[in-house]
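Visitor: Can you walk me through this model? I would like to start with how the chain is laid out.

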Amino acid sequence: MTKPLLAAALAAGLGLLAPAAAHAQAQSAGPTLSAVRQRDILVCGTSTGAAGFSLPDSRGEYRGIDNDLCRALAGSVLGDAAKVRWVPLTTTARLPALQSGQIDVLIRTVTWTQGRDTANGLNFTAVSFYDGQGFLLRTSLGLKSALELTGASICVVAGSTNELNLTDWARVNNIRYNPVVFEQNDEARRSYLAGRCDAYSTDASQLAGLRASFPHPEEHVILPEIISKEPHSPVVRHGDDQWFDIVRWTFFALLTAEELGITQANVDSFMNSQNPEVRRLLGLSGDHGPLMGLDRRWAYWAIKAVGNYGEIFERNLGMGSSIKLRRGLNDLWTRGGLMYAPPIR
């Protein structure tokens, strides 16, 4: 055996594969990963405007939980969270844009439903936010329950699950209402503020974001009823299992980091950790990155880019933001929430 081969064999036996040997074990890049690497940019479909989820700030930078998940993905794939091209998409345009290959991934307040999952050539990767549809209206109306909305005009966005849910809810509860339908959230928001409708119905988290942005938030109330389940999930096209794995496990890595207490600020201090779970997450042991065609430190770059899931939630939607949502169902399973990541091993 030659010295180079002997050295490689010894390194493998110690779990310290040389870069060339590690690369040899890596999964080859599939069509989406190859395209992203070739252009050196991740093309991410986002919202045309949803506070806390995706909204340009005063400098035109997109801010929100969905945008941070895109940045985390760019970090894990390209090692640079800034390498994202945003494609703002309306509710009706978002799925066709992904189907046609206009974008690499859709991370945009999209509800995971059976019809969307099976009939559109798309795959939902993991629930990134648990939500439900509610109602926003002026406190001056004096209503305490959505069941008092008989005869009301209600703003809603066309082509959304919100439009369908509202129809189903009204039928079941024998409530007659006048739908005022818009193409985009921003149009519905402006119309509600202008008094064209009595109430606005969409996901409750988005209603909280809208109310926080109003000149006089105290003049508006979100009713207590939640009339649907709205699990949001990043979406990819059928036919590229590697890309599906990358998007899904990047999100799971952010959850795992929160469980382990790893943050954007302290991730470097964990690089000497002897905790086996930490070492697998940060690429210090195992081949979990190469198994998806990525660098060993794929999760490190994602965490370094945006922090763990809890940090993302807190700055965009949580009590430290203008929206001030509690974690609720979106808390970790160890604290009574539904957020649960399979093990990286």
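Guide: What follows covers the domains, their interface, a database annotation and the salt bridges. Keep in mind that this is a predicted model.

Visitor: How is the protein chain divided?

Guide: There are two parts: domain 1 takes residues 31-128 + 233-332, and domain 2 takes 133-230.

Visitor: How far apart are their C-alpha centres?

Guide: The centres of domain 1 and domain 2 are separated by 29 Å.

Visitor: And how many residues are in contact between them?

Guide: Domain 1 contributes 16 residues, which touch 15 residues of domain 2. The area buried between the two domains is about 1200 Å², with 56% of that area from carbon and sulfur atoms.

Visitor: Which residues of domain 1 lose the most area there?

Guide: Thr91, Thr92 and Thr111 do, and together they account for 32% of what the domain 1 side buries.

Visitor: What about salt bridges across that interface, how many?

Guide: The rule finds 0 between domain 1 and domain 2. There are, however, 4 residue pairs in polar contact between the domains, counting pairs with both residues at pLDDT 80 or more.

Visitor: Which element gives the largest share of the domain 1 side?

Guide: Helix 5, residues 91-99, with 3 residues. By type, the domain 1 residues that touch domain 2 are 5 nonpolar, 9 polar and 2 charged.

Visitor: Changing topic. What does UniProt annotate on residues 41-268?

Guide: The unreviewed UniProt entry labels that stretch "domain: Solute-binding protein family 3/N-terminal". In the model, residues 41-268 are 35% helix and 24% strand, and the C-alpha atoms at the two ends of the stretch lie 25 Å apart.

Visitor: Back to salt bridges. How many in the whole structure?

Guide: The search finds 16. One of the salt bridges joins the side chains of Asp104 and Arg39, at 2.6 Å from N to O.

Visitor: Where do Asp104 and Arg39 sit in the chain?

Guide: Asp104 is in the loop between helix 5 and strand 5 (105-106), while Arg39 belongs to helix 3 (residues 31-39). The two are 65 residues apart, and the pair therefore links distant parts of the chain.

Visitor: Why would side chains like that pair at all?

Guide: Opposite charges can pair when the charged atoms come close.

Key
Residues numbered from 1 in each chain as written. Predicted model: local features only at pLDDT ≥ 70, side-chain atom pairs only at ≥ 80, totals over all residues. Heavy atoms only, no water. Domains from an automatic or database assignment. Contact = heavy atoms within 4.5 Å. Buried area = accessible area lost by both parts, 1.4 Å probe. Salt bridge = Lys/Arg side-chain N within 4 Å of Asp/Glu carboxyl O. Polar contact = N/O pair within 3.5 Å; in protein donor to acceptor, adjacent residues only side chain to side chain. Helix = DSSP H or I, 4+ residues; strand = E, 2+ residues; numbered from the N terminus. Nonpolar A, V, L, I, M, F, W, Y, C, P; charged D, E, K, R; others polar. UniProt positions renumbered as here; feature names shortened; annotations may be inferred.
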